[in-house]
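I opened this notebook to keep track of what I looked up, one entry at a time. The entries go from the whole chain down to single residues.

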Amino acid sequence: MLVHNWREVLKRAWSVRLMVLALLFIVLEPIYTFVAATWVAKNIYIQLGMSIVTGLITLAAIIARIFVQQKISGDLNGKPPAEG
């Protein structure tokens, strides 16, 4: 069930922002691998670093999803959740 202010939550929730950032790193990793294999010697440390950063951002998104963000949560602002 969606909350009544789902558009606001989508714009302001840290969990969503961090998941979008993680998605960016997930998309960039194969692009980097292709470019590195084509033009320069592969650097395992850069690939490992991108994987670690992606994992940490995803972990932060999970943690941000668990904690309530009071300014955008409709339940804490006295508004009832949307009925669906």
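**Entry 1, surface.** I started with the outside of the protein, which exposes about 6,700 Å². Carbon and sulfur atoms supply 71% of that area. I note here that I am working from a predicted model.

**Entry 2, burial.** I then asked what share of the 84 residues is buried. Buried residues come to 20% of the protein.

**Entry 3, elements.** I listed the secondary structure and found three helices and zero strands. Read from the N terminus, the order is α-α-α.

**Entry 4, contacts along the chain.** I looked up contacts between residues at least 6 apart in sequence. Of these, 67% join residues at least 24 apart.

**Entry 5, helix α3.** I took α3 next, which covers residues 44-66 and has 23 residues. From first C-alpha to last, α3 reaches 33 Å, close to the 33 Å expected at 1.5 Å a residue. Which residues of α3 are buried? I wrote down M50, T54, I57, A61 and A64. As background, I recalled that residues three or four places apart on an α-helix point the same way, because there are 3.6 residues a turn.

**Entry 6, the core.** I looked for the largest nonpolar core and found five residues: L18, A22, I57, A61 and A64. Helices α2 (14-39) and α3 each supply at least two residues of this core. The most comes from α3, with three residues. I added a general remark that nonpolar side chains tend to be buried together in soluble globular proteins.

**Entry 7, T54.** I went back to T54, which has its place in helix α3. Why does T54 count as buried? Its relative accessibility is 9%, and the cut-off for buried is under 20%. Leaving aside neighbours within four places in sequence, I found T54 in contact with A22, F25 and I26. One of these contacts, A22, is also on my list for the core.

**Entry 8, E29.** I moved to E29 in helix α2. Is E29 buried or exposed? E29 is buried, because its relative accessible area is 18% and the limit is under 20%. Not counting residues up to four places away in sequence, E29 touches Q47, M50 and S51. For E29 and M50 I also noted the spacing: 21 residues apart in sequence, and 6.8 Å apart in space from C-alpha to C-alpha. M50 had already come up among the buried residues of α3.

**Entry 9, rings.** I searched for aromatic pairs, and the count comes to zero. I then checked W14 and found R17 over the face of its ring. The distance from R17 to the ring centre of W14 is 4.8 Å.

Technical notes:
Residues numbered from 1 in each chain as written. Predicted model: local features only at pLDDT ≥ 70, side-chain atom pairs only at ≥ 80, totals over all residues. Heavy atoms only, no water. Helix = DSSP H or I, 4+ residues; strand = E, 2+ residues; numbered from the N terminus. Buried < 20%, exposed > 50% of the residue type's maximum accessible area, 1.4 Å probe, protein only. Contact = heavy atoms within 4.5 Å. Areas by Shrake-Rupley, 256 points an atom, 1.4 Å probe, with all protein chains shown as cover. Expected span 1.5 Å × (residues − 1). Core = buried A, V, L, I, M, F, W, Y, C linked by side-chain atoms within 4.5 Å. Phe/Tyr/Trp six-rings, centres within 6.5 Å; stacked < 30°, edge-to-face > 60°. Lys NZ or Arg CZ within 6 Å of the ring centre and 35° of its normal.
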